[in-house]
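Got a few minutes and a viewer open? Here are some short exercises to work through, each with a solution you can check step by step.

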Amino acid sequence: MANARYDLVVIGSGPGGYVAAIRASQLKMRVAVIERDRPGGVCLNWGCIPSKALLNSAGAMDTIRGAAKEHGIEVGEVRFDFAKVIARSRAAADKLARGVSFLLKKNKVDYFEADAAITGPNSVALKPVEGKAPPAAASLEGERILIAAGSGERLFPGMKIGDGVITSKEALVLDRLPASVIVIGAGAIGLEFGYFYNAFGSTVTIVELEKQMLPGFDSELAEELRRAFVKRKVTVMLGHGYKSMARSGDLWSVTVNADGIDKSIEAEAVLVAVGRTPLSKNIGLEKLGIEVERGGFIKINDSFQTTVPSIYAIGDVIRPPLLAHKASAEGIAAVEIMAGVREPGFDLLSIPGCIYCQPEVATVGLSEADAKARGIEVKVGKIPFRTNGKAVAIGEAEGFVKIVATKKYGEVIGCQIIGHGATDIISEVVLGKTLETTTAEIGKTVHPHPTMSEAIMEAALAAEGEAINF
């Protein structure tokens, strides 16, 4: 198989790479995928899937502990085996990795376990991965190459992983519950793991440089989430920048700074969640003169082509938001553009963002502040879940739905949801936005009762000044 020739060579088998490969095969391309870790890449093995398994276990703990107070169901002492909690999440990742491997075979995609280095506009060298069998080919030739290498954890300068200092990757296999955790960063990853450790009884402190949780998100949504975390007895330190850390006996002492004043906080473990960095280094970009922008993101055009026309890139290596479903959508778009069955272009504003702590957070499109900053006149409909029958019945009444629409036509241009099931019900608005729906149309669409999704209908009606239950 040395120097095998393909229509498309994909570097990376994450949610961008493997999805692109399968779609390319459906479009009658001969496709190869190169992966140095496991089928499914970072998301499936070290991110989205195992972390959601952990959060599901955290939710189960919440339900059990609240059984007597909320439901009148008496329970005894609640105990747990934390190692089994972690093992369950790893089993979920393993199962889906096997599933990706099956899908690639089913779609006749050749899979190579190797490190990839682009050596020319149409060639990729395959290098053995330590501890694994040598790849079945020394190099591959492709009419086109698609970079879907993903992203990795970011650390502050001088930080080293180990002895209680972890990122999300280490947290996914750490089978001993820390008594106390400092989470640096109040983005999606920091908040999900902050919720997880809190649910199992760790003392959690969240440190964030910006003045709100979820920097860049709607400020009302961020404040609602902050109150929910404080209610759970999580210490939230906003406007505090990380400065340094040092070992103090069995604990870590972390120095943070706010308004020029240093403060020290201590914990058994420190989880660093200050974003991710694109894995664009050491894959041969420099030798080919492929242009890389600030932050290490690969520059592309509307067809996902890099500055070398035969080499394309998608997902975390090209731009935020760094989301699995965005990478998948970009992968499909890229190969369809290659095949000539789709026009160039990609709408980032139609990509939803989801955070799976409790309460859940889901958004799509523009926030009210974003729209106004762009000079768009808007009308807003906001409905709290405490007015929703299903939410009250199941004891999940915190949070709200907020819909942003143009003032002139009522076209939905954004939505922010915080509350139970937010990551599921946002899809209705995503579809509506794709179809250029209006608040009047959503408001007139009959929603089943009682459901959490009724809050979307009510928010749309509120934007029209016609709310019924609020």
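**Exercise 1: a cysteine and its contacts**

Cys415 touches Ala362, Thr363, Val364, Leu366, Val401, Lys402, Ile403, Ile426 and Val429, if you skip the residues within four places of it in sequence. Keep in mind that this is a predicted model.

Task: say which strand holds Cys415, and decide whether Cys415 is buried or exposed.

Solution.
- Step 1. Find the residue: Cys415 sits in strand S22, residues 412-418.
- Step 2. Check the surface: the relative accessible area of Cys415 is 0%. Buried means under 20%, so Cys415 is buried.
- Step 3. Try a distance across the chain: Gly365 is 50 residues away from Cys415 in sequence, yet their C-alpha atoms are separated by 6.6 Å.

**Exercise 2: a three-stranded sheet**

Task: work out the strand order of the open sheet that contains S13, and name its edge strands.

Solution.
- Step 1. Read off the order: the 3 strands run S12-S13-S14, with antiparallel pairing.
- Step 2. Pick the edges: strand S12 (241-248) and strand S14 (261-267) each pair on one side only.
- Step 3. Look at the twist: from one strand to the next, it averages 25°.
- Step 4. Take the S12 and S13 pair: 7 bridges hold these antiparallel strands in register, and Ser248 is opposite Leu251 in S13. The two strands make a hairpin with 2 residues between them, and Gly249 in the turn has a positive phi of about 65°.
- Step 5. Now the other side: S13 (residues 251-258) is joined to S14 by 7 bridges, again antiparallel. Here Thr255 faces Ser264 in S14.

**Exercise 3: one residue in S13**

Task: classify Asn257 by its accessible area and list what Asn257 touches beyond four places in sequence.

Solution.
- Step 1. Asn257 belongs to strand S13.
- Step 2. Its relative accessible area is 24%, so Asn257 counts as partly exposed.
- Step 3. The contacts of Asn257 are Gly239, His240, Gly241 and Asp262.
- Step 4. For a distance check, the C-alpha atoms of Asn257 and Ala267 are separated by 17 Å, with the two positions 10 residues apart along the chain counted as their spacing.

**Exercise 4: backbone oddities**

Task: compare Lys108 with Leu214. Which value of phi does Lys108 have, and is Leu214 buried or exposed?

Solution.
- Step 1. Lys108 isn't a glycine, but its phi is positive, about 60°. Lys108 lies in the loop between helix H5 (82-106) and strand S3 (110-113).
- Step 2. Lys108 has a relative accessible area of 70%, so Lys108 is exposed.
- Step 3. Leu214, also not a glycine, has a positive phi of about 50°. Leu214 is in the loop between strand S10 (203-208) and H8.
- Step 4. At a relative accessible area of 2%, Leu214 is buried.

**Exercise 5: cis peptide bonds**

Task: find where Pro321 and Pro359 sit, and give the omega of the bond leading into Pro359.

Solution.
- Step 1. Pro320 and Pro321 are joined by a cis peptide bond with omega about -5°. Pro321 is in the loop between strand S17 (311-313) and helix H10 (324-339).
- Step 2. From Gln358 to Pro359 the peptide bond is cis, with omega near 0°. Pro359 is in the loop between strand S18 (353-355) and strand S19 (361-365).

Definitions and conventions:
Residues are numbered from 1 along each chain as its sequence is written. This is a predicted model: local features need pLDDT of at least 70, side-chain atom pairs count only at pLDDT 80 or more; totals for chains, interfaces and linings use all residues. Side-chain values use heavy atoms; hydrogens and water are left out. Two strands pair if DSSP finds at least two bridges between them. Helices (H or I, at least four residues) and strands (E, at least two) are DSSP runs, numbered from the N terminus. Axes are lines fitted to C-alpha atoms, for helices over the stretch in contact, and angles run from 0 to 180 degrees between N-to-C directions. Buried means under 20% relative accessible area, exposed over 50%, partly exposed in between (1.4 Å probe, protein chains only). Contact means heavy atoms within 4.5 Å.
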